[in-house]
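I opened the notebook today to go through helix ends, helix packing and a few backbone details, one entry at a time. The coordinates I worked from are shown below.

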Amino acid sequence: MTALSPAVDAAIEEIEAGESGPHVGAFFDLDGTLVAGYTAATFYGDRLRKGEVSAAEFVRTVVTAFDGEILGGDPTRVADVAFAALRGISEETFSELGERLFLQKIAGTIRAEARALVRAHQRMGHTVAVASAATSYQIAPVARDLGIEHLICTRLEVEDGVLTGQPVGTMLWGRHKAAGVRAFAREHQVSLADSHAYGNGYEDVAFLSSVGHPVALNPHRGLRMAAQRLGWTVLDLRDPVTPSLAALGRTVAALGAMNAGAGAGLAVGLLTRDGQRGRNTAIGLGSTLPLAFAGVELNVLNADRLWSHRPAVFVVNHQSALDVLVMGSLLKEDFTVVAKKEARFDPRAMLGSLLIAPAFVDRSDSAQALAALDALVDRIRGGTSLLIFPEGTRSATPVLGPFRKGAFHLAVQSGVPIVPVVLRNTGELMWRRSKIVNPGVVDVCVLEPENDWTADNMNDKVARLHARFAETLARWPQVDDDA
């Protein structure tokens, strides 16, 4: 997560200076508050792309939306049209759609500073809930990612596992959302006078008025005016970075710089008749030059730890394709990675394969995999470090995934230390599904290397290391980490 704005820092300081405990609630709206944009539009756009929206339904949707937004009609009627279109769809299918759209689209719209506000309330032991007119299918994946247990939302009627096209009761919009929050507070013994609420629309006035600490977050004009009149806090959070034409041009230039840098390094190897020197030069140039052309700067804490314990197994959290370039520019030389055998002939990876000679593993052939890893252990003992992402795949958000133990087994077998490296912001500069790099700063923190790994202590040490990564991401250090 990026560094927070002064206004958000001040808001978090105020939260942490206030009361703690579950009797304090923190209620967050979803659309336009936790996420930039509207999740309903993402669901509707998916149906449009699949050809699932009939001409008649499309016309009804447009007319109803125009009436509600422009002509002063009921703004919730457009939701009735959307709900009716879901009649006959199995709940399981619609829930799976919500999970897919979260990974493909919605995860990239979660505001980093909203995440920080949620975490501040969680650290204080507050009862945190999403309060929204949206359905649970839109909210649940976002809430799970943010570690939010409670949902106060519109529920859809289900019969025999199939959606009926009707809501259960009233859609939680406007005063009905406020009523839902009050009912939740009574049920969970939450003091609304001590609680916080965050919303962005004028329809949230009743909802925000329900608590003692209302915050108009990225408010629409009507709510902004109401907040100023009522003396409420107004917070304007940064939206996730979106690719621009300038970023596209920088990315194209970065790709050219990567190829040019790698080629120059290999030429050095040919001229000096020193293949290893050439490969190391190619790695350094092929990593640092594209970052410079893309406008990506590195802010590194404890950089000396990258060199004081070599060879080593470097374990790194993984959010973006940018991570490999960042680590290549930091490690510079004498390292390799583990890759699945299918990547051997991937044109996108062939240049990297030439430079660092990955250990290709066939997961379907245990004998081959063991032989490849045994050879890798010999390489590590011979002076080649290993770069590995223990989560196994890029995460859709900054939330840390579970660590697989392969990297740690290799450290045990090789007798080398684990050097943990925490990356922050790479997912914001180049989201996992993006092919464009946005300019900005990547924060890097190299934690204290860990020795004495054994098969007996591995489970406990991996759990503690995972906690260190999570804590570093949650509370980024400003000075050297001595933990």
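**Entry 1: the end of α10 and its two faces.** I began just past α10, where G231 follows the helix with a positive phi, near 80°. The model I am reading is a predicted one, and I keep that in mind for every value noted here. Going back into the helix, I looked up which residues of α10 are buried, and found L223, A226 and A227. Seen down the axis, these buried residues of α10 fall within an arc of 100°, so they line one face of the helix. On the face turned away from that buried side I noted the exposed residues R221, Q228 and R229. I then asked which elements the buried residues of α10 pack against. I listed β6, α9 (205–209), β7 and β8 (233–235) as their partners.

**Entry 2: the loop that leads into α10.** Upstream I checked N218, which sits in the loop between β7 (213–217) and α10 (221–230). Its phi is positive, about 45°, although N218 is not a glycine. Is N218 buried or exposed? With a relative accessibility of 16%, N218 counts as buried, because the cut-off for that class is under 20%.

**Entry 3: another positive phi, at Q189.** I next turned to Q189, a residue other than glycine whose phi is positive, near 55°. I placed Q189 in the loop between α8 (175–188) and β6 (191–199), and β6 is one of the elements that the buried residues of α10 pack against. For Q189 I read a relative accessibility of 68%, so this residue counts as exposed.

**Entry 4: α16 and the glycine after it.** In helix α16, which covers residues 406–414, I found A407, F408, L410, A411 and S414 buried. They cover an arc of only 155° around the axis, which puts them on the same side of α16. Just after α16 I noted G415, where phi is positive at about 75°.

**Entry 5: α5 against α7.** For the helix pairs I recorded the same two values each time, since two packed helices are described by the angle between their axes and the distance between the axes. Helix α5 (residues 91–104) packs on helix α7 (residues 136–146) at an angle of about 50°, and their axes are 8 Å apart. That angle makes α5 oblique to α7. The crossing in which α5 passes α7 is right-handed. From α5 I listed E91, F94, S95, G98, E99 and F102, which meet Y137, P141, V142, R144 and D145 of α7. By class, this contact of α5 with α7 has five nonpolar, two polar and four charged residues.

**Entry 6: α2 against α5.** I stayed with α5 and looked up its packing with helix α2 (residues 39–49), where the angle is about 105° and the axes are 11 Å apart. The two helices α2 and α5 are therefore roughly perpendicular to each other. On the α2 side the contact is made by T42, F43 and D46, and on the α5 side by F94, L97, G98, R100 and L101. I sorted the residues of the contact of α2 with α5 into four nonpolar, two polar and two charged. F94 and G98, which appear here, are also among the α5 residues that meet α7.

**Entry 7: α12 against α13.** How do the axes of helix α12 (residues 275–294) and helix α13 (residues 322–331) cross, and within what distance do they come? I noted a crossing at roughly 120°, with the axes coming within 8 Å. α12 and α13 are therefore oblique to each other. Here α12 passes α13 in a left-handed crossing. I283, G286, S287, T288, P290 and L291 are the residues of α12 that meet L322, L325, V326, G328 and S329 in α13. The residues of this contact of α12 with α13 divide into six nonpolar, five polar and no charged.

**Entry 8: a cis peptide bond.** I checked the peptide bond from R310 to P311 and found it cis, with omega near -5°. P311 belongs to the loop between β9 (296–301) and β10 (313–316).

**Entry 9: T454.** Last, I located T454 in the loop between β15 (440–446) and α18 (458–474). With 34% relative accessibility, T454 counts as partly exposed. I also noted that the C-alpha atoms of T454 and A371 are separated by 21 Å, while these residues are 83 residues apart along the chain.

Key
Residues numbered from 1 in each chain as written. Predicted model: local features only at pLDDT ≥ 70, side-chain atom pairs only at ≥ 80, totals over all residues. Heavy atoms only, no water. Axes fitted to C-alpha atoms, helices over the stretch in contact; angles between N-to-C directions. Helix = DSSP H or I, 4+ residues; strand = E, 2+ residues; numbered from the N terminus. Parallel < 35°, antiparallel > 145°, perpendicular 65-115°, else oblique. Left-handed = near helix turned anticlockwise from the far one by under 90°. Contact = heavy atoms within 4.5 Å. Nonpolar A, V, L, I, M, F, W, Y, C, P; charged D, E, K, R; others polar. Buried < 20%, exposed > 50% of the residue type's maximum accessible area, 1.4 Å probe, protein only. Arc of directions from axis to C-beta.
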